[in-house]
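The following exercises are to be worked with the sequence and the model at hand. Each task is followed by a solution set out in steps.

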Amino acid sequence: MGRIKSILLIDDDETTNFLNKLFVKQLDSNLEVNVVLNGKEAIDFLVLNGKEIAPCLIVLDTNMPVMNGWEFLANYEEKFDADFKEKNTVVMLTAVDTEKVVAKAMADPNVDDTAQKPLSDLTFRVLINKHFS
């Protein structure tokens, strides 16, 4: 699977995380999949483990408690240097694929792509091939 080392799933819905992890493992059982439930947990995780898991596909939900996807992006911009961010790919998830949400996500310099929930093994394959091949 190209040069990708890991995937970080950031979503407060544990069922969604479980299914997404299954989809990824179907594509590549050796790919490391980490799961956190909100943006704060994601920032903390990346501070501790970011260099070891890069290059990484970061799959980011927009609506979560504690720290939502938009707040995560602001913290990500502030806490990580350009070299780190260049190694990782951020895909913003939208429950509703509206032009307004997609435009807002793509206007953020740290967002590389968007995807609509629910994801599938095909969606993960397309994202990985697009950004890591």
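A crossing of two helices is called right-handed if the near helix is turned clockwise from the far one by less than a right angle, and left-handed if anticlockwise. The model used here is a predicted one.

**Exercise 1. State how confident the prediction is, and where confidence is lowest and highest.**

Solution. Begin with the chain as a whole: its mean pLDDT is 92, and 98% of the residues reach 70 or more. Next, turn to the individual elements. Confidence is lowest in helix α5 (residues 99-107), with a mean of 91, and highest in helix α3 (residues 69-79), with a mean of 97. A general caution applies: where pLDDT is low, predicted coordinates should not be read in detail.

**Exercise 2. Describe the order of helices and strands, and decide how compact the chain is.**

Solution. First, count the elements: the chain has 6 helices and 5 strands. Second, follow them along the sequence, which gives the pattern β-α-β-α-β-α-α-β-α-β-α. Third, compare the radius of gyration with the globule rule. The value for the chain is 13 Å, close to the 14 Å that the rule gives for 133 residues, so the chain is as compact as a globular protein of that length. Finally, along the principal axes, the C-alpha atoms fill a box of roughly 30 × 30 × 25 Å.

**Exercise 3. Classify the packing of helix α1 against helix α6, and name the residues in contact.**

Solution. Start from the geometry: the axes of α1 (residues 14-27) and α6 (residues 121-132) come within 9 Å and cross at roughly 60°. The two helices are therefore oblique to each other. By the definition given at the outset, their crossing is right-handed. Now list the partners: Asn20, Phe23, Val24, Gln26 and Leu27 in α1 meet Asp121, Phe124, Arg125 and Ile128 in α6. Sorted by class, this contact of α1 with α6 comprises 5 nonpolar, 2 polar and 2 charged residues.

**Exercise 4. Carry out the same analysis for helices α2 and α3.**

Solution. Helix α2 (residues 39-53) packs with α3 at an angle of about 20°, their axes lying 9 Å apart. Because angles under 35 degrees count as roughly parallel, α2 is roughly parallel to α3. The crossing of α2 and α3 is right-handed. On the α2 side, the contact is made by Gly39, Ala42, Ile43 and Leu46; on the α3 side, by Phe72, Asn75, Tyr76 and Lys79. The residues of this contact of α2 with α3 divide into 5 nonpolar, 2 polar and 1 charged.

**Exercise 5. Locate the cis peptide bonds at proline 55 and proline 118, and the positive phi of valine 66.**

Solution. Inspect omega first. Alanine 54 and proline 55 are joined by a cis peptide bond with omega of about 0°, and proline 55 is found in the loop between α2 and β3 (56-61). Lysine 117 and proline 118 are likewise joined by a cis peptide bond, with omega of about -5°; proline 118 lies in the loop between β5 (113-116) and α6. Then inspect phi. In valine 66, a residue other than glycine, phi is positive, near 70°. Valine 66 is found in the loop between β3 and α3.

Technical notes: Residues numbered from 1 in each chain as written. Predicted model: local features only at pLDDT ≥ 70, side-chain atom pairs only at ≥ 80, totals over all residues. Heavy atoms only, no water. pLDDT = per-residue confidence, 0-100. Helix = DSSP H or I, 4+ residues; strand = E, 2+ residues; numbered from the N terminus. Axes fitted to C-alpha atoms, helices over the stretch in contact; angles between N-to-C directions. Parallel < 35°, antiparallel > 145°, perpendicular 65-115°, else oblique. Contact = heavy atoms within 4.5 Å. Nonpolar A, V, L, I, M, F, W, Y, C, P; charged D, E, K, R; others polar. Rg over C-alpha atoms; globule rule 2.2 N^0.38 Å.
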